[in-house]
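Please open the structure in your viewer and keep the selection panel at hand. The stops below follow one another, and each names what to select and what to look for there.

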Amino acid sequence: MSEQVLARPDSAAAWVREKLFLGLEPRTYVRSLLTPANLVIAAILAAGLPCLVLRFAKGLGAVSNLSQSYPWGLWVAFDVVSGVALAAGGYTVACAVFVFGQKLYLPVLRAAILTGFLGYVLVLLGLLVDLGQPWRLPYQFFLTPGTTAVMYEVGWCVFLYLIVLALEFAPAALEWLGLDRLRKLLGGLTTGIIVLGVTLSTLHQSSLGAFFVMTPGKLHPLWYSPFLPVFFFISSIAAGIGMVIFESWVSHHAFDSRLDRKAHVDLDGITLGLSKAGAIVLFAYFFIRLQGLAASGRWDLLPTGWGAWWGFEMLVLVLLPSFLFAAAVRRLDVRLARAAAVLTVLGVLVNRFNVSLIAFNWTLPNRYVPALAEVLISLTLVTLGVVIFRWIVGRMPVLPGHVDLRHHS
Amino acid sequence: MPLDRRKLLKLAAAAGATAALPGPGGARAALSRPSKDARAVLVDTTNCVGCRSCEMACSEANKLPEPASDVDFESARATGPNQFTVVNKGAVKSPAGDDRFAKTQCMHCVEPACAAGCVVRALEKTENGPVIYHANRCLGCRYCMVACPFGVPKYEYGKAAPIVRKCTFCAERQAAGKPPACVEACPNEALVFGSRAELLVEAKKRVYANPGKYVPHIYGEEEAGGTSWLYISDVPLESLRLPGLIEQRSYPEMAERALSGVPFVITLWPPFLVGLWAMSKRRKAPGAGPRTEEEHHE
């Protein structure tokens, strides 16, 4: 990722044009935004932003199907619990590159960190939407900390980890802004930051599972386990691997025209390398889940409707992608690896939804179904994340082969 | 040696920073040690006639809307943000053919899951028994609702600044030496107020002195590790619309176990990871001296 330091643009207007408008005249830039994809994005935001306003104007009851029996709904299950798992690519790739010395993955590191950083920002936004009195969020740190609460540990870890991710991503932003001295200063902190990041991630990924350790009567026995923290931690690694494979594939495809082909990134090699890890992690995860079942002794629940659903999650969304990853590595089949990655991410999503929503309160006759406004708000948050990701990747040196616009003729 | 002084200082800083994080204490340690005199209520449902005076007294004492004067006992009612206690009819009649009723409200557990799980200590177990709620701390995460095995806390979803609502065990009245409003209102001595230790003895006395009358179980003795509201009856307690599937052990203890790994991760991960890092560096350039890490970039 080598870039020369060029002279700064000579005026504020030129800086704005170069940095923000991709070197185009403002009017040309705005016209370039009128793409079908952006129209879809605009439609989503047009539907979702009013819902957000309504949520804060009229309260949770006005926009959601949250109830006295279902205090946690789509926002917790998706934006918070799943969001954290899907943002795990940041720490897994950083660990692979800096702790295990696997330099092969360096080209996808910055994008993985950005995905992680934006993922956690979205988690925070989702939390602010879901909390009854979100302006009191700092109370847990400064006012009356509940040190026995799992949420206390999650709160601190996520807070510190957001700072870590910002510091991990900062070099890319500083390079973009041309602040090289600050950038060099940060470079010296890398190993410590990465180690801190992996430690914090281990803690809060597992603690999201710990939330449900106190709910044995409410969570279906096939999903309940005192080992939920371990399950959540291991599956977060798989989710991170799957997300990095998926995101690197989509980014390279979407930004293909803007990347320097001579940068010679071995994306296939990276994908297959990650697939190797994915196969192993998923296989291990399958077996520890099985051990959890053995520990609970509830084999009698397998031949039930819930058992079939559990079997589907385990066989189709955990064991199958493990085998597909292994096959992909053996046959050097990158497309198969990407399919496995999609199944893996889906599997973690389904698992998080099962634990926090679907298999939760499984004895209750009334099921919770998210209201349309809830879905729109979640969709809006994800869309915002994608838009910001795209904006940053289009401008800052995140993808390998990123061409500085000053080089464009 | 692969670790130069700079690396070591950074490692120490990272480990120190994470170790210095306010760690989660034992989940039970922060809960008040219950005083030997902690208050409880014994609910003898053989004396309850379903008059619902307790519901009326509760709403009056807590300035809540008055409950409906007539209820259809066929369907079970739940407490709500504006009703802290409800009386439900059991599905099974007594051996003598009478209807059986049971009052439900917050159980004021000896080791409450809600208080252990509250990130801002809005729910707090007092040493005299009541689990009280500080509305000015609550940020509305609703984890107490997730954690409570009895499904007690209720939320004001309709408000712009919502809070959690539940039975307070009339903590203020108790502090003034008075019994809870519901206990005072009960005309038939279905509710007996006293110290938990003494009431457990009383409950056992009634059960053992009347073999064949009472079902030999005191609901609340071991449920959730013990609650302040104890129920005895001559019909199966599950038939009284009392929450089932309650573990006979402390819920905060489960969370404490789940969190017990945290201090180990905080102190062991950093040296373990740095060790791996040092090993991977040495493998890449055997025999090379310590390098600066600027070479890692680009």
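Begin by selecting chain A, where buried residues make up 59% of the 409 residues; keep in mind throughout that what you are looking at is a predicted model. Shown as a cartoon, chain A has 16 helices and 0 strands. Its radius of gyration is 22 Å, close to the 22 Å that the globule rule gives for 409 residues, so chain A is as compact as a globular protein of that length. If you reduce the display to the C-alpha trace and turn it along its principal axes, chain A spans about 70 × 55 × 40 Å. Among the contacts in chain A that join residues at least 6 apart in sequence, 79% are between residues at least 24 apart.

For a closer view within chain A, select helix H12, residues 228–254, and find A:Ser236 in it. Is A:Ser236 buried or exposed? With a relative accessible area of 0%, A:Ser236 is buried, because the cut-off for that class is under 20%. Now show the side chains, and you will find that of A:Ser236 in polar contact with the side chain of A:Tyr91, at 2.9 Å. To complete the surroundings, add A:Ala85, A:Ala88, A:Gln205 and A:Arg352, which, together with A:Tyr91, are the residues in contact with A:Ser236 once its neighbours within four places in sequence are left aside.

Next, select chain B, whose secondary structure comes to 9 helices and 9 strands. In this chain, buried residues make up 51% of the 298 residues, and of the contacts with a separation of 6 or more, 60% are accounted for by residues 24 or more positions apart.

Within chain B, go to helix H2, residues 53–61, and pick out B:Met56. This residue has a relative accessible area of 25% and is therefore partly exposed, a class that lies between 20% and 50%. Leaving aside the neighbours within four places in sequence, B:Met56 is in contact with B:Glu66, B:Pro67, B:Ala68 and B:Ser69. It is also worth drawing a distance from the C-alpha atom of B:Met56 to that of B:Ala185, since these two residues are 129 residues apart along the chain while their C-alpha atoms are separated by 8.5 Å.

Finally, display both chains together and turn to the place where they meet. The contact takes 69 residues from chain B and 69 residues from chain A, and the area buried between the two chains is about 5,900 Å², of which carbon and sulfur atoms give 64%.

How many salt bridges does the rule find across the interface of chain B and chain A? There is 1 salt bridge, and to see it you should select B:Arg142 and A:Asp130, whose closest N and O atoms are 2.8 Å apart. Between chain B and chain A, 24 residue pairs are counted in polar contact.

To see which parts of chain B face its partner, colour helices H1 (5–19), H3 (113–117), H4 (143–147), H8 (251–259) and H9 (262–284) together with strand S6 (154–155), each of which supplies at least two residues of the side that touches chain A. The largest share of that side, 12 residues, comes from H9(B). If you then recolour by residue class, the side of chain B that touches chain A shows 46 nonpolar, 11 polar and 12 charged residues.

Conventions:
Residues numbered from 1 in each chain as written. Chains lettered and ligands numbered in written order. Predicted model: local features only at pLDDT ≥ 70, side-chain atom pairs only at ≥ 80, totals over all residues. Heavy atoms only, no water. Contact = heavy atoms within 4.5 Å. Buried area = accessible area lost by both parts, 1.4 Å probe. Salt bridge = Lys/Arg side-chain N within 4 Å of Asp/Glu carboxyl O. Polar contact = N/O pair within 3.5 Å; in protein donor to acceptor, adjacent residues only side chain to side chain. Helix = DSSP H or I, 4+ residues; strand = E, 2+ residues; numbered from the N terminus. Nonpolar A, V, L, I, M, F, W, Y, C, P; charged D, E, K, R; others polar. Rg over C-alpha atoms; globule rule 2.2 N^0.38 Å. Buried < 20%, exposed > 50% of the residue type's maximum accessible area, 1.4 Å probe, protein only.
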